[in-house]
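Q: Please take a close look at one helix in this model. I would like to see what surrounds that part and how the rest connects to it.

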Amino acid sequence: MKIRVGMGFDVHELETKRNFYLGGIQLEGAPKGAVGHSDADVVIHAICDALLGAASLGDIGHHFANTDERWKGRDSKYFLREVTRMVNDKGWDIGNVDCTICLEKPKISPHIAAMKNVLAPLMNISEDDLSIKATTNEKLGYVGREEGVCAYAVALLQKS
Ligand code: MG
């Protein structure tokens, strides 16, 4: 069996009076939401880059440029479905994905089950093969000042 790992990172600015899309769901009652060309879902964007990286398929900006009108306001679940297809087309199965969200507010733990429930099927993996974790940034830097949200992801691909 051949295996490959990939890593991804994404960051988006936070603004008041914005819907906050994170991990494929909308966070109700969040004080701010992420700003971007698409729906600015950093969890999905980081996972897409981890998968693309493991398969040597470039990055999300290469496939879905933030200057392309087709992707304006786009639900990022579309990108994850497409990236999964690209990775599968190259003969890779997704082994597991691990993601960490860095956000000061609100607390993410109550939403993790819902995120896994939405994202795992898009990658054709079980919820047990998708880990989503969260941490604050201890009030330090842009995350600590609630100016932005970021996410890291690692993905393992396998081919027999
Ligand atoms: Mg992004």
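**Helix H4 and its surroundings**

A: The buried residues of H4 pack against six elements: strand E2 (21-22), strand E3 (25-26), H1, helix H3 (77-89), strand E5 (93-102) and strand E6 (130-135). Bear in mind that this is a predicted model.

Start with H4 itself. It covers residues 112-122, and its buried residues are Ile-112, Met-115, Leu-119, Ala-120 and Leu-122. Seen down the helix axis, these buried residues fall within an arc of 145°, so they line one face of H4. The general rule is that an α-helix has 3.6 residues a turn, so residues three or four places apart point the same way.

Now take one residue from that face. Leaving aside neighbours within four places in sequence, Leu-119 is in contact with Gly-23, Gly-24, Val-43, Ile-44, Ile-47, Leu-80, Leu-130 and Ile-132. Leu-119 also belongs to the largest nonpolar core, which has 48 residues. Leu-119, Leu-22, Ile-47, Leu-51 and Met-123 are the members that touch the most others. Elements giving two or more residues to this core are H1, H3, E5, H4, E6 and strand E7 (148-159). H1 supplies the largest share, ten residues.

H1 therefore deserves its own look, as twelve of its 13 residues are buried and it is largely enclosed by the rest of the structure. Among the buried ones are Val-43, Ile-44 and Ile-47, and these three also appear in the contact list of Leu-119. From first C-alpha to last, H1 reaches 18 Å, close to the 18 Å expected at 1.5 Å a residue. Asp-41 caps the N-terminal end of H1, with a side-chain oxygen 3.2 Å from the backbone nitrogen of Val-43. Ala-40 sits in the loop between strand E4 (32-35) and H1. Its phi is positive, near 65°, in a residue other than glycine. Ala-40 is buried, at 0% relative accessible area. After H1 comes Ser-56, with a positive phi near 55°.

H1 also carries a metal ligand. The protein donors of the magnesium ion are Asp-10 (OD), His-12 (NE2) and His-45 (ND1), at 2.2 to 2.3 Å. His-12 lies in strand E1 (residues 2-16) and His-45 in helix H1 (residues 42-54), so the pair ties together parts that are 33 residues apart in sequence. Both histidines are buried: His-12 has a relative accessible area of 15%, and His-45 has 7%.

E5 is another partner of H4. Ile-94 lies in this strand and is buried, at 9% relative accessible area. Not counting residues up to four places away in sequence, Ile-94 touches Leu-51, Thr-84, Met-123, Ile-125, Leu-156 and Leu-157. Two of these, Leu-51 and Met-123, are among the core members that touch the most others.

Finally, look at both sides of H4 along the chain. The loop between E5 and H4 holds Pro-106. The peptide bond from Lys-105 to Pro-106 is cis, with omega near -10°. On the other side, H4 is followed by Asn-124, in the loop between H4 and E6. Phi of Asn-124 is near 55°, a positive value in a residue other than glycine. Asn-124 is exposed, with a relative accessible area of 60%.

Conventions
Residues numbered from 1 in each chain as written. Predicted model: local features only at pLDDT ≥ 70, side-chain atom pairs only at ≥ 80, totals over all residues. Heavy atoms only, no water. Donors = N, O, S within 2.8 Å, 3.2 Å for Na, K, Ca; no water. Helix = DSSP H or I, 4+ residues; strand = E, 2+ residues; numbered from the N terminus. Buried < 20%, exposed > 50% of the residue type's maximum accessible area, 1.4 Å probe, protein only. Arc of directions from axis to C-beta. Contact = heavy atoms within 4.5 Å. Expected span 1.5 Å × (residues − 1). Polar contact = N/O pair within 3.5 Å; in protein donor to acceptor, adjacent residues only side chain to side chain. Core = buried A, V, L, I, M, F, W, Y, C linked by side-chain atoms within 4.5 Å.
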